[in-house]
Amino acid sequence: MSPKTKIIASTCLAVCMSVGSFFVSAQQLNAEQQAQLNELKTTALESDLSYQLIESLTTEVGHRLMGSEGDKKSIVWAVNKMKALGFDKVWTEEVTGSYWLRGDAKAKIIAPYPHDVVVLALGGSVGTSEEGLTANVAHFETFADLKAAPDNSLNGKIAFVSYQMERHIDGKGYGPAVGTRVTGAVVAAQKGASALVMRSVGTDNNRTAHTGVMRYKDGVKKIPAATLSNPDADLLVNQLKRGKPVSLFLKMTAKTDAEVIAKTANVIGEFTGSELPNEIVALGAHLDSWDVGTGALDDGLGIGMVVAAAHHIGQLPKRPKRTIRVILFAAEEVGLLGAKEYVKVHKNDMVNHAIGAEWDFGIGRIYKMTPGVGAESLNAIRELAQYLAPLGVSLSPDNNAKGQSDMSALSNLGMPSINFSPDGSNYFDYHHTENDTLDKVEPEALKFNTAIYTMYAYFAAQAAVDFRK
């Protein structure tokens, strides 16, 4: 080796050693803490606590529509569970809203070929008259087609949108389908329709309809809005293909009781940090559910996971530096009311929310992590990704995550976030239906995902990094 070559080699070695030393010194967890993280992973993978919590919630409480008896019971249930699991602090914060009653919904194709069909009222919808209504169906393949219809072109008709949601692992088919559900009744009313009926926002072929929240607009007539099961939407489309007028009967008794204020609450529990107790790592899920099914997936899964993850960390001989706060948000399904109230109550300490993550989608295993943090803290996220990689979790190249569902309200006020992407291929088979029940929970995937949330929360609570920077 020539002297020049030796110099270059020595320089390279020095640089490599320097870089290696940098990465060692930049590690957020020391050897003891890394060992603790691995113990937490093993604990969570072997524990069935998250499943036990979901089983308890769905068996002892059931559905949890805002203002219902189940909703009230769920608040007591959550407080008692957190206390029993050793949380240092547990409290509630009141949330109020309107009280909607689903009532009954019935529909029949009257002509040309009579059939009973399965429908559900959309959340917040008004009902029909006591006699119901019968009208010819005006068919639109997409929401855009309905929007393009001339005003008053649907006078005396029922608007029907037949767009079918697509199945994707990340649930991206939901967005293109859900617009009709949320604002379709307003658009249909502006065109003169007497009611809106739409294909359910779901990927299943079961004869069960999917509910979900809808919205009215001031100054626009409120018309009934309902969803058809996927097979019945197909049936209606097939009748329309015959080229004859199709007549549908619809009767709904849904209503909002203007004289009743629905009261519910966010339920919050903490394990206090050992060194930085005022800095918060937030774990979120929503406590409410629709009044069909038992809310096992939406969002029993999230409740079980975040409560169990915090409990596992809380049993350590020494708590991590930051406080771990579990927020079970109220009234997510009817418009993120709990999240909106939370940021109102905590507006002065949002800066202390170091980072947050929520679970409100999916059934299968987590396969990807997407951060939404400051550029300087990305190296810490890369370190976390290394710990999660053996579980098959990849790190997204993006750094644009906003909190899911309720946590989006916190993200909008500057809280850094992590989003975990689970396999959601089958999630919308059951979402907002009577089939959202305990048997759809995948116990092994639940343990796996609980381990990931546990490891994430521990890492975020120990890392000496400002995730905003």
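**Exercise 1. Determine how strand β2 is paired with β3 and with β9.**

Solution. Start with β3. Three bridges join β2 (residues 105-111) to β3 (residues 115-117), and the two run antiparallel. Strands are DSSP runs of E with at least two residues, helices are runs of H or I with at least four, and both are numbered from the N terminus. Two strands pair if DSSP finds at least two bridges between them. Ala 107 has Val 117 of β3 as its bridge partner. Three residues lie between β2 and β3, and the two strands form a hairpin.

Now take β9. Six bridges join β2 to β9, again antiparallel. Here Ala 111 stands opposite Ser 247.

This is a predicted model, in which local features need pLDDT of at least 70 and side-chain atom pairs count only at pLDDT 80 or more, while totals for chains, interfaces and linings use all residues. Residues are numbered from 1 along each chain as its sequence is written, and side-chain values use heavy atoms, with hydrogens and water left out.

**Exercise 2. Is Ser 247 buried or exposed, and which residues does it touch?**

Solution. Locate it: Ser 247 lies in β9 (residues 247-252). Check the area: its relative accessibility is 11%, so Ser 247 counts as buried. The classes are buried under 20% relative accessible area, exposed over 50%, and partly exposed in between (1.4 Å probe, protein chains only). List the contacts, meaning heavy atoms within 4.5 Å. Residues up to four places away in sequence are not counted; Ser 247 then touches Lys 108, Ile 109, Ile 110, Ala 111, Thr 134, Ala 135 and Asn 136.

**Exercise 3. Give the strand order of the open sheet and find its edges.**

Solution. Eight strands are arranged as β3-β2-β9-β5-β6-β7-β8-β4, with mixed pairing. β3 and β4 (119-121) are the edges: each has a single partner strand, so one side of each has no neighbour in the sheet. From one strand to the next, the twist averages 30°. Helix α7 (residues 230-240) packs on the sheet and touches β2, β3, β5 (133-140), β6, β7 and β8. The direction of α7 makes about 140° with that of β3. Axes are lines fitted to C-alpha atoms, for helices over the stretch in contact, and angles run from 0 to 180 degrees between N-to-C directions.

**Exercise 4. Test the length of helix α6, then describe its bend and its packing.**

Solution. The expected span is 1.5 Å times one less than the number of residues. For the 17 residues of α6 (residues 174-190) that gives 24 Å; the end C-alpha atoms are 25 Å apart, which agrees. Next, the bend: about 65° at Thr 183. This is the angle between axes fitted to the seven residues ending there and the seven starting there. Then the packing: α6 lies across β6, β7 and β8, at about 165° to β7. Its buried residues include Ala 177, Val 178, Gly 184 and Val 187. Among the elements covering them are α5 (143-148) and β6 (158-161). Just after α6, Gly 192 has a positive phi of about 100°.

**Exercise 5. Decide where the coordinates deserve caution.**

Solution. pLDDT is the predictor's confidence in each residue, from 0 to 100. The chain mean is 94, and 94% of residues reach 70 or more. Over residues 1-25, pLDDT stays under 50. The model has one contact beyond four places in sequence for that stretch. Where pLDDT is low, the predicted coordinates should not be read in detail.
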